[in-house]
Amino acid sequence: MIVVRTVAELRGQIQAWRREGGRIGLVPTMGALHEGHLSLVRRARAEGCTKVAATVFVNPKQFGPNEDFQVYPRDEAGDAAKLESVDTDLMFVPRVSEMYPEGAVTLISVPGLGDLLEGEFRPGFFSGVATVVAKLLLQALPDVAVFGEKDYQQLQVIRRLVRDLDIPVEVVGGETLREPDGLAMSSRNAYLTPEERRIAPALNRTLKGVAERIQGGGGCTQAEDWARGELLAAGFRKVDYVTIRDAETLTGPSVGRPVRILAAACLGKARLIDNISA
């Protein structure tokens with residue numbers, strides 16, 4: 001696996017692959033990799049990519065002033081070993097100064113989609129995400145970029161971004177990978193104590209309970225209220241939202257349209273998110 005740290009090196013290698021006729025896949029990550037990330041590399045291969053590059057960059061612009069940027073888990077050597085285990089061809093590990101040179105001021109926002117849910121509870125988050133993803137896509141210009149469905153709102157924001165800015169890349173969503181007890185794999189699961197880890201699967205169980213209620217004809221508001229109570233009773237200290245939304249626009253559900261159930265809740269030091277279709 002090739003490791004590069006500058007945009008020039010990244011572009012040079014991808015251009016060389018293109019001259020060979022390669023189909024390029026890109027898997028952007030913030031590192032602290034787990035099996036969920038590795039499944040995205042496999043998904044890129046399944047999409048016909050002959051070369052797959054993964055990026056590892058903890059993006060400061062998507063962290064608020066009181067969030068966990070400084071303590072977010074970082075393990076470059078471990079990440080490299082995991083990526084090599086699934087035959088990743090290249091790892092791009094830029095420094096902050098490479099991604100945001102001195103004097104850089106441009107930010108990208110995605111109004112509407114980026115203002116809901118996570119956008120409400122983490123102001124500026126999706127502007128940081130949209131900016132760094134746009135930069136990575138333009139730096140690499142892959143044929144395919146794969147993002148996990150666990151961050152479902154992020155996936156929808158990126159799809160809108162790519163469509164609106166005419167970035168020539170196919171955005172593919174990778175299925176959420178889960179632990180045997182249903183907890184969605186996440187780098188932030190490392191923050192959980194053993195007792196909190198025991199409680200955490202209640203998030204996915206509760207989402208399934210919401211799906212059962214609305215499929216059985218129950219009202220959305222009643223199902224959401226029930227879910228909040230279930231999570232607090234299970235031991236979550238705060239529930240930011242449990243909500244039933246249109247699967248594409250993330251606005252209120254409409255008859256005949258697919259829906260997504262999304263949740264964010266705090267357990268100890270960790271803020272967990274999850275979603276399922278219904």
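The exercises below, each with a worked solution, explore a predicted model of a protein chain.

**Exercise 1. The open sheet**

Determine in which order the 6 strands of the open sheet are arranged, and find which strands lie at its edges.

Solution. Begin with the order, which reads β1-β4-β3-β2-β5-β6, with parallel pairing. Next look for strands that pair on one side only, and these are β1 (2-4) and β6 (170-174), the edge strands. The neighbouring strands of this sheet are turned against each other by 25 degrees on average, direction ignored. For a detail of the pairing, take strand β3 (residues 51-56), which is joined to β4 by 3 bridges, the two running parallel; here Ala53 stands opposite Leu90 in β4. Finally, place a helix on the strands: α2 (residues 35-46) lies across β2, β3, β5 and β6, and runs at about 150 degrees to β5.

**Exercise 2. The helix α1**

Compare the span expected for the 13 residues of α1 with the distance between its end C-alpha atoms, and then list which residues of this helix are buried.

Solution. The expected span is 1.5 Å times one less than the number of residues, so α1 with its 13 residues should span 18 Å. The end C-alpha atoms of α1 are 18 Å apart, which agrees with that expectation. Turning to burial, the buried residues of this helix are Val7, Leu10, Ile14, Ala16 and Trp17, and as a group the buried residues of α1 pack against β1, β2, β3, β4, α4 (96-99) and α6. After the helix comes Gly21, whose phi is positive, near 85 degrees.

**Exercise 3. The nonpolar cores**

Identify which residues touch the most other members of the largest nonpolar core, and which element supplies the largest share of this core.

Solution. The largest nonpolar core holds 44 residues, and those touching the most other members are Phe92, Val133 and Leu137. To see where this core comes from, note the elements that each supply at least two of its residues: α1 (7-19), β2 (24-29), β4 (90-92), α6 (125-140), β5 (144-148), α7 (152-164) and β8 (259-267). The largest share, 10 residues, comes from α6. Setting aside residues up to four places away in sequence, Val133 touches Phe147, Ile158 and Leu161. Apart from this core lies another, of 30 residues, including Ile199, Ala211, Phe236 and Ile276.

**Exercise 4. A glutamine in helix α7**

Decide whether Gln154 is buried or exposed, and find which residues it touches.

Solution. First locate Gln154, which has its place in helix α7. Its relative accessible area is 17%, and buried means under 20%, so Gln154 is buried. Leaving out residues up to four places away in sequence, Gln154 touches Phe125, Phe126, Val129 and Phe147.

**Exercise 5. Salt bridges between separate parts of the chain**

For the salt bridges of Glu170 with Arg23, Asp89 with Arg45 and Asp68 with Arg188, work out where each partner lies and whether it is buried or partly exposed.

Solution. The model has 19 salt bridges in total, and the three pairs can be taken in turn.

- Step 1. The side chains of Glu170 and Arg23 meet in a salt bridge at 3.5 Å, N to O. This pair links distant parts of the chain, with Glu170 in strand β6 and Arg23 in the loop between α1 and β2, 147 residues apart. Glu170 is partly exposed at a relative accessible area of 38%, and Arg23 is partly exposed at 28%.
- Step 2. In the salt bridge of Asp89 with Arg45, the closest N and O atoms are 2.8 Å apart. Asp89 lies in the loop between α3 (76-85) and β4, and Arg45 in helix α2, so the pair ties together parts that are 44 residues apart in sequence. Asp89 counts as buried at 18% relative accessibility, whereas Arg45 is partly exposed with a relative accessible area of 28%.
- Step 3. Asp68 and Arg188 meet through their side chains in a salt bridge of 3.0 Å, N to O. Because Asp68 lies in the loop between β3 and α3 and Arg188 in the loop between β6 and α8 (194-199), the pair ties together parts that are 120 residues apart in sequence. Asp68 counts as buried at 15% relative accessibility, and Arg188 counts as buried at 17%.

**Exercise 6. A network**

Name the residues that are linked in a network of salt bridges.

Solution. The linked residues are Glu118, Lys238, Asp240 and Arg271.

Technical notes:
Residues are numbered from 1 along each chain as its sequence is written. This is a predicted model: local features need pLDDT of at least 70, side-chain atom pairs count only at pLDDT 80 or more; totals for chains, interfaces and linings use all residues. Side-chain values use heavy atoms; hydrogens and water are left out. A nonpolar core is a set of buried Ala, Val, Leu, Ile, Met, Phe, Trp, Tyr and Cys residues joined through side-chain atoms within 4.5 Å. Buried means under 20% relative accessible area, exposed over 50%, partly exposed in between (1.4 Å probe, protein chains only). Helices (H or I, at least four residues) and strands (E, at least two) are DSSP runs, numbered from the N terminus. Contact means heavy atoms within 4.5 Å. Two strands pair if DSSP finds at least two bridges between them. Axes are lines fitted to C-alpha atoms, for helices over the stretch in contact, and angles run from 0 to 180 degrees between N-to-C directions. A salt bridge is a side-chain nitrogen of Lys or Arg within 4 Å of a carboxyl oxygen of Asp or Glu.
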